[in-house]
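Work through the exercises below with the sequence and the model at hand. Each task is followed by its solution.

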Amino acid sequence: MQTKQEQNIPTITTDLRKDIITVPKSISQASGIRIFGKLIRSIIFTTDIAIICNNDADAVIAVYPFTPHPAIIQSITFAANIPVFSGVGGGLTHGKRSANISLFAEAQGSLGVVVNAPTPTSTIKEISDNIDIPIIGTIVSEFTDIQEKITAGISILNVSGGAQTAKMVKKIREDFPDIAIIATGEPTEASILETIEAGANAITYTPPSNGVLFSKKMEKYRDQEEAHYQE
């Protein structure tokens, strides 16, 4: 009898959709996080609507370096055909405003909300008191008081420590064996596997920019034009 790993997985696509962005295969080794019945292993990190509509990730994490705005959340959740984790601030934007935006994100269908690293515990608690979807807390430093954030209402950690991410994940997993952990695993398949082995349940993937993708397509079109001219 074939094991799950050995079984052939039929792949269905079309000519119009064959160029979608695919996440690294190594992410499939992660255990995943099951949220309201949905198993999430790969999470694409982008707010580009075109990319959100053309990828094979399990979910999208939509955070950005500006004040969170309902119009952005509404646009992304409307366009996405996969679950969305919506950024709701926590740095410059916090308190009641973050709580209100979180409630809006839930109403628009977000699977969870993401708060920034500097988010005060009072804001996390206020958000937790107002919504019924998970709060994802971004962790960027090994010096973060994680227990304080969990006590306030965070149920998933989003570890983004650059080159130190795997090391941070390993320490967190030792201290909090049951907490759900999302982490950045780039830039290589090896670093992704290292992060998973350290204890990450799901991996975020940053796709190429729209400009980089278009540059590759333009090069392909130029080659086609040249080949046609030489015929």
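**Exercise 1.** Are the two faces of strand E8 (residues 156–159) buried or exposed, and which residues lie on each side?

Solution. The model is predicted: local features need pLDDT of at least 70, side-chain atom pairs count only at pLDDT 80 or more, and totals for chains, interfaces and linings use all residues. Residues are numbered from 1 along each chain as its sequence is written, and side-chain values use heavy atoms, with hydrogens and water left out.
- In a regular strand, side chains alternate between the two faces of the sheet.
- Ile-156 and Asn-158 lie on one side of E8, Leu-157 and Val-159 on the other.
- All four are buried (under 20% relative accessible area, 1.4 Å probe, protein chains only).

**Exercise 2.** Identify the strands that pair with E8 and the units they form.

Solution. Strands are DSSP runs of E, at least two residues, and helices runs of H or I, at least four, numbered from the N terminus; pairing requires at least two DSSP bridges.
- E7 (residues 135–139) pairs with E8 in the parallel sense over 4 bridges, with Thr-138 opposite Asn-158.
- Strand E9 (residues 180–184) also pairs with E8 in the parallel sense, over 4 bridges; here Val-159 stands opposite Ala-183.
- E7, helix H5 (residues 146–152) and E8 form a right-handed β-α-β unit (with the strands pointing away from the viewer, the path from the first strand over the helix to the second runs clockwise).
- E8, helix H6 (residues 165–175) and E9 form a right-handed β-α-β unit.

Technical notes
Buried means under 20% relative accessible area, exposed over 50%, partly exposed in between (1.4 Å probe, protein chains only).
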